[in-house]
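Me: Could you walk me through how to read a structure like this one? I am new to it and would like to go feature by feature.

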Amino acid sequence: MAKTCVIGATSWGTTIAIMLARHGMEVLLLARTEEEASRLRSKGPDKNITGNATFPPSLSVTSSIEEAVSSSDTIVMAVPSQTMRQNIKIVKPYLNAHKLIVSASKGLEMGSNKRMSQVIADEIAQTYHKNICVLSGPNLFREILAGLPAAAVVAAQNETTAIKAQKVFSGPNLAVYINHDIIGVELGGTLKNIIALGAGMIDGLSYGDNAKAAFITRGLTEMTAFSVALGANPLTMSGLAGMGDLVATCSSKLSRNHYVGTELTKGKKLDEILASMNGIAEGVTTTATVWAQAQKLMLEMPITEKMHLILYENASIRDVIPEMLGTSCRHELTGRRWRLFRRKPR
């Protein structure tokens with residue numbers, strides 16, 4: 001039986017481990033400490049996070065990185081984006097040329113602005129780079145745990161690698177597609193969190209569905225412009241990692257980033273909101289990282305700019321959001337340094 005290890009007992013990591021075990025796979029879930037591993041083995045997953053979901057018989061919990069990685073064919077990295085580098089450093093001594101390495105994290109590393117596949121590639125031998133792939137799509141973890149139908153996409157530069165990952169993750173309730181655009185798939189899953197923060201604010205302000213639909217659409221265009229500037233295929237943003245993930249994250253109250261946006265409209269402080277949450281809202285750090293990179297590229301990013309003003313410069317939501325929805329209207333596919341549209345000369 002094929003064996004998979006999931007690095008990270010986060011809500012998403014635990015969900016992936018349970019899902020794969022339900023598919024009949026032997027799974028090792030790596031906990032941070034033996035104390036955490038022992039608690040998970042004896043009590044199961046935290047019901048405050050996973051509800052009534054339990055660990056299937058083929059899922060084991062360990063705190064031994066050597067045990068988890070050495071015996072597994074597929075390594076799933078499901079850790080917060082800001083800890084990816086330190087985690088892959090721990091994993092790399094136990095890798096070999098046959099192990100599939102899957103990033104299931106959505107974010108950019110602060111400082112370097114690198115995607116998670118790039119962070120992984122930085123730390124492992126070049127001969128293993130062909131084994132790196134990414135998993136993304138509209139996959140709210142509570143719905144996955146409930147066994148509701150969903151779809152995802154796996155991307156790798158090597159098609160053989162993508163197909164291997166597709167076989168690992170495909171199951172009765174999860175349709176998995178492949179893609180060659182690893183840049184676009186990663187950025188789609190990352191950038192949608194910024195837009196979800198704003199969608200939560202629009203819902204918190206009771207601006208209605210027309211405003212939110214317009215905001216999501218403009219968000220998708222901004223995501224596409226940024227991704228294309230970094231080498232992505234614009235069509236990827238029309239797929240599961242772009243529009244699919246964006247719609248799910250902006251529309252669902254299960255989304256952590258949407259929740260943060262809504263709570264901010266109630267006058268709560270950002271630190272207070274984040275401290276009250278079980279998981280991490282990746283959109284908060286992603287906003288800072290993407291805004292810094294957009295400035296270096298001299299790329300127009302009006303939504304990201306406004307989110308940065310709210311999150312990091314204490315701007316008023318009630319001033320910024322209406323301004324963002326009703327100003328600077330031009331051709332909808334144009335913006336400074338955007339390569340989405342070229343006006344034909346007369």
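Me: Let's start with helix α6. Which residues of α6 are buried?

Reply: Happy to help, and keep in mind that this is a predicted model. The buried residues of α6 are M116, S117, V119, I120, A121 and E123. That makes 6 of the 8 residues of α6 buried, so the helix is largely enclosed by the rest of the structure.

Me: What do the buried residues of α6 pack against?

Reply: Their partners are strand β4 (74-77), helix α5, strand β5 (100-103), strand β6 and helix α9. When you look at any helix, a general idea is handy. An α-helix has 3.6 residues a turn, so residues three or four places apart point the same way.

Me: E123 caught my eye in that list. Is E123 buried or exposed?

Reply: E123 has 14% relative accessibility, and because buried means under 20%, E123 counts as buried. E123 sits in α6, which covers residues 116-123. Setting aside neighbours within four places in sequence, E123 is in contact with R85, I88, K89 and K92.

Me: You mentioned β5 as a packing partner. Could we look at one residue there?

Reply: Try I101, which is found in strand β5. I101 is buried, with a relative accessible area of 2%. Not counting residues up to four places away in sequence, I101 touches I75, L95, I120, I124, Y128, N131, I132 and C133.

Me: How far from I101 is the C-alpha atom of G111?

Reply: The two C-alpha atoms are separated by 24 Å, and the residues are 10 apart along the chain.

Me: C133 was among the contacts of I101, which makes me think of cysteines. How many disulfides does the structure hold?

Reply: First, the general idea: a disulfide is a covalent bond between the sulfur atoms of two cysteines. In this structure there are 0 disulfides. Take C133, which is in no disulfide: the nearest cysteine sulfur belongs to C5 and is 13 Å away.

Me: Are C133 and C250 buried or exposed?

Reply: C133 counts as buried, at 0% relative accessibility. C250 counts as buried too, at 0% relative accessibility. In α11, C250 is listed as buried along with A241, G242, D245, L246, A248 and T249. The buried residues of α11 pack against β6, β7 (150-155), α9, α10 (209-229) and α12.

Me: Now I would like to understand empty space. How does one find it?

Reply: Rolling a probe the size of a water molecule over the atoms shows where empty space is left. Let's begin with the open kind: the largest pocket here has a volume of about 1,200 Å³. It is lined by 47 residues, and the closest to its centre are T10, S11, W12, A78 and P80.

Me: Which elements give two or more residues to the lining of the largest pocket?

Reply: They are α1 (11-22), α2 (34-43), α3 (47-50), α5 (84-91), α9 (182-204), α11 (240-251) and α12 (256-264). By residue type, the lining of the largest pocket divides into 21 nonpolar, 17 polar and 9 charged.

Me: S11 was one of the residues closest to the centre of that pocket. What is S11 in contact with?

Reply: Leaving aside neighbours within four places in sequence, S11 is in contact with I49, F141 and R256. The side chains of S11 and R256 are also joined by a polar contact of 3.1 Å. S11 is found in helix α1, and at 12% relative accessibility S11 counts as buried.

Me: And how many cavities of 30 Å³ or more are there?

Reply: The count comes to 2. The largest cavity has a volume of about 50 Å³. Its lining is made of S103, S105, K106, V134, L135, S136, V185, E186 and G189, with β6 (132-136) and α9 as the elements that give two or more residues. These residues divide into 3 nonpolar, 4 polar and 2 charged.

Me: What lines the second largest cavity?

Reply: The second largest cavity, of about 30 Å³, is lined by W12, M19, L135, N139, I144, A152 and L174. Its lining residues divide into 6 nonpolar, 1 polar and no charged.

Definitions and conventions. Residues numbered from 1 in each chain as written. Predicted model: local features only at pLDDT ≥ 70, side-chain atom pairs only at ≥ 80, totals over all residues. Heavy atoms only, no water. 1 Å grid on protein atoms, 1.4 Å probe; cavity = no way out; pocket = protein on both sides within 12 Å on 5 of 7 lines; lining within 4 Å. Points joined across faces, edges and corners; volume = space filled by probe spheres on them. Helix = DSSP H or I, 4+ residues; strand = E, 2+ residues; numbered from the N terminus. Nonpolar A, V, L, I, M, F, W, Y, C, P; charged D, E, K, R; others polar. Buried < 20%, exposed > 50% of the residue type's maximum accessible area, 1.4 Å probe, protein only. Polar contact = N/O pair within 3.5 Å; in protein donor to acceptor, adjacent residues only side chain to side chain. Contact = heavy atoms within 4.5 Å. Disulfide = S-S within 2.5 Å.
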